[in-house]
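Biologist: I should like to learn how to read strand pairing, burial and surface patches in a model of this kind. Could we proceed feature by feature?

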Amino acid sequence: MITTAKTIQMLLYDGDLNGVMYIEDTSWQIGAMFSSPRQSIDDLIAKADCRKYGVYLLLSEEQVYVGQTRDLEKRTRQHLTDKGWWSHIILMTTKDDSFNASDIDYLESKLIEKAKEVGTAYVDNLTKGNPQKVSAFREVELGKYLEEALFLLKLIGVEVFEHIRRKRKAPPLPEGNMSVSDFVKTAMINLLAAGYVFSDEQLKLYSSVEGSKEYTHRALPILYLLKDGETREDVKKKIRQRYWKEEFTSGNQRFLLFSQWFKEGTNYGARKENFIRWYSNL
């Protein structure tokens with residue numbers, strides 16, 4: 001395998017890796033990346049040309065938001081007031097401002113997809129981004145841009161696109177007046193849509209009767225793991241009738257979710273409070 005050497009340039013405006021930073025890469029050609037802690041946004045804007053098309057990441061220890069904009073400076077200032085949880089920002093653009101709206105739509109959607117697939121951090125995006133509308137030729141070019149961007153992010157310690165096993169926080173439980181069944185199903189849909197990935201240990205625990213019976217009050221697991229090629233219809237009827245028809249997916253694992261949850265005050269079976277207790281342990 002032939003390897004290609006590359007030169008990476010990092011300008012540390014504050015003299016350390018925790019301050020405002022500008023990064024270039026000889027393999028990235030037109031690419032440019034800026035990194036800044038939240039409290040240094042004014043310094044970032046003063047030192048960097050941010051009035052360009054680009055994509056960006058808002059980051060905290062356990063959360064990420066991926067965005068795109070035609071004016072990185074304006075959008076950065078906007079997020080100082082409309083999102084209070086983030087502590088660091090990454091801007092990804094070009095030296096010559098050559099991105100267009102389709103380019104940044106494509107990059108945003110790919111980064112959201114990657115972050116949710118990996119599941120290292122809770123992804124604050126509620127959608128998958130705008131539809132991708134780039135030519136096959138442009139897709140190749142943007143793929144190379146994205147590949148180098150991910151390499152540089154890893155280099156500076158941004159781990160939201162890396163497969164790292166660590167404790168993740170589940171998103172808040174759904175609110176509003178809904179049945180227990182809808183409450184449980186919506187909670188699971190939101191959990192997986194946020195990019196949460198069950199660890200191997202969790203899958204082993206909650207797909208076992210021993211790890212689930214204190215919540216389900218039955219000799220049935222909360223998660224029924226499906227084998228490769230297996231569908232719900234392949235599961236024995238007396239078992240599958242206790243699980244929802246929908247298949248859920250966490251990482252590479254497909255599973256069925258136990259569906260027999262009842263409202264508070266019921267003297268039998270699993271109750272809403274049991275599910276809430278299980279969810280709070282994730």
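The dialogue below takes up strands, a sheet with its helix, and a surface patch.

Modeller: One caution comes at the outset: this is a predicted model.

Biologist: How do strands of a sheet pair in general?

Modeller: Strands of a sheet pair through backbone hydrogen bonds, and the pairing is either parallel or antiparallel. Here, strand 4 (residues 54-59) is paired with strand 5 in the antiparallel sense, over six bridges. A hairpin of three residues connects strand 4 to strand 5.

Biologist: Which residue of strand 5 is the bridge partner of L59?

Modeller: The partner of L59 is V64. V64 also has a bridge partner in strand 7, namely V123. Strand 7 (residues 122-123) and strand 5 run parallel, joined by two bridges.

Biologist: How many residues of strand 5 are buried?

Modeller: A residue is called buried when its relative accessible area is under 20%. In strand 5 (residues 63-69), seven of the seven residues are buried, and the strand is mostly covered.

Biologist: Which residues lie on each side of strand 5?

Modeller: One side carries Q63, Y65, G67 and T69, while V64, V66 and Q68 are on the other. Both faces of strand 5 are covered.

Biologist: Let us turn to the open sheet. What is the order of its strands?

Modeller: The order is 8-10-9, with antiparallel pairing among the three strands. Strand 8 (223-225) and strand 9 (248-250) are the edge strands, each pairing on one side only. From one strand to the next, the twist averages 45°.

Biologist: How many bridges join strand 8 to strand 10?

Modeller: Strand 8 and strand 10 (residues 253-257) are joined by three bridges and run antiparallel. Within strand 10, F255 stands opposite L225.

Biologist: Which helix packs on the sheet?

Modeller: Helix 5 (residues 180-193) packs there, touching strand 8, strand 9 and strand 10. The direction of helix 5 makes about 35° with that of strand 9.

Biologist: Finally, which residues form a nonpolar patch on the surface?

Modeller: The patch consists of M10, L17, F151 and L155, which together have about 370 Å² of accessible area. L17 is located in the loop between strand 1 (8-12) and strand 2 (21-25).

Biologist: Why does L17 count as exposed?

Modeller: The cut-off for exposed is over 50% relative accessible area. L17 counts as exposed because its relative accessibility is 57%.

Definitions and conventions: Residues numbered from 1 in each chain as written. Predicted model: local features only at pLDDT ≥ 70, side-chain atom pairs only at ≥ 80, totals over all residues. Heavy atoms only, no water. Buried < 20%, exposed > 50% of the residue type's maximum accessible area, 1.4 Å probe, protein only. Helix = DSSP H or I, 4+ residues; strand = E, 2+ residues; numbered from the N terminus. Pairing = 2+ DSSP bridges. Axes fitted to C-alpha atoms, helices over the stretch in contact; angles between N-to-C directions. Contact = heavy atoms within 4.5 Å. Patch = residues over 30% accessible without salt bridge, like charges linked within 9 Å, V, L, I, M, F, W, Y side chains within 5 Å. Areas by Shrake-Rupley, 256 points an atom, 1.4 Å probe, with all protein chains shown as cover. Salt bridge = Lys/Arg side-chain N within 4 Å of Asp/Glu carboxyl O.
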